[in-house]
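Ready for a few warm-up exercises? Have a look at the picture below, then work through the tasks one at a time.

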Amino acid sequence: YVPFKVDNIGDFIRAFRGLDVKGYSVTIPHKESVVNHLDAIDPMAKKIGAVNTIVNRGGQLVGFNTDCEAAIKVLITVHPHLNLPPPPFSPSVRGTGGGIQGDNEYFPGGWVED
């Protein structure tokens with residue numbers, strides 16, 4: 001894992017497109033802006049409007065959002081006593097970043113609070 005300081009996501013994607021790198025992790029503040037610079041977006045990431053993982057598939061950069069799935073696993077694993085129903089269900093969601101946007105798509109009855 002090698003971190004990069006990225007000032008302009010478009011310039012970064014153009015510069016690294018040709019390298020033999022299998023994937024990238026995307027963090028704030030680029031989770032939403034990187035969407036416009038990729039070749040394809042997973043349907044859930046497209047619906048969420050944010051990407052946290054980029055996979056290089058033969059030179060085609062494909063964006064995914066794994067934040068949502070991770071949030072579900074944490075809720076179910078850490079809080080089994082809550083007896084959560086199968087998704088989708090409606091928790092209270094706090095925050096407005098790219099990760100929270102994914103949770104709001106997965107929990108359609110949830111809401112965002114700043």
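**Exercise 1: a helix and its two sides**

Task: check the length of helix H3 (residues 67-78), then find its buried side.

Solution. Start with the ruler: at 1.5 Å a residue, the twelve residues of H3 should span 16 Å, and the end C-alpha atoms are indeed 16 Å apart, so the two agree. (The expected span is 1.5 Å times one less than the number of residues.) Next, pick out the buried residues of H3: Asp67, Cys68, Ala71 and Ile72. Buried means under 20% relative accessible area, exposed means over 50%, and partly exposed is in between, with a 1.4 Å probe and protein chains only. These buried residues cover an arc of only 140° around the axis, which means they sit on the same side of H3. That arc is taken from the directions from the helix axis to the C-beta atoms. Finally, look at the face turned away from the buried side: there you'll meet the exposed residues Lys73, Thr77 and Val78.

A quick note before going on: this is a predicted model, where local features need pLDDT of at least 70, side-chain atom pairs count only at pLDDT 80 or more, and totals for chains, interfaces and linings use all residues. Residues are numbered from 1 along each chain as its sequence is written, and side-chain values use heavy atoms, leaving out hydrogens and water.

**Exercise 2: the whole chain**

Task: list the helices and strands in order, then say how much is buried.

Solution. Count first: the protein chain has four helices and six strands. Both are DSSP runs numbered from the N terminus, helices being H or I with at least four residues and strands E with at least two. Along the sequence they follow the pattern α-β-β-α-β-β-α-β-α-β. Of the 114 residues, 36% are buried.

**Exercise 3: building the sheet**

Task: work out how S1, S2, S3 and S4 are arranged.

Solution. Put them in order: the four strands form an open sheet, S1-S3-S4-S2, with mixed pairing. Two strands pair if DSSP finds at least two bridges between them. S1 and S2 are the edge strands, each pairing on one side only. Now take the pairs. S3 (residues 53-57) and S4 (residues 60-64) run antiparallel and are joined by five bridges, with threonine 53 opposite phenylalanine 64. Their hairpin has two residues between the strands, and glycine 58 takes a positive phi near 60°. S2 and S4 pair in the parallel sense over two bridges, and here alanine 40 stands opposite valine 62. S4 is mostly covered, with four of its five residues buried.

**Exercise 4: the core and a histidine**

Task: where does the largest nonpolar core get its largest share, and is histidine 30 buried or exposed?

Solution. A nonpolar core is a set of buried Ala, Val, Leu, Ile, Met, Phe, Trp, Tyr and Cys residues joined through side-chain atoms within 4.5 Å. The largest one has 15 residues, and Phe12 and Ile13 are among those with the most contacts inside it. Its largest share, four residues, comes from helix H1 (residues 9-16). Now for histidine 30, found in the loop between S1 (23-25) and S2 (40-41): this residue is buried, with a relative accessible area of 13%. Leaving aside neighbours within four places in sequence, histidine 30 is in contact (heavy atoms within 4.5 Å) with Val6, Asp7 and Ile9.
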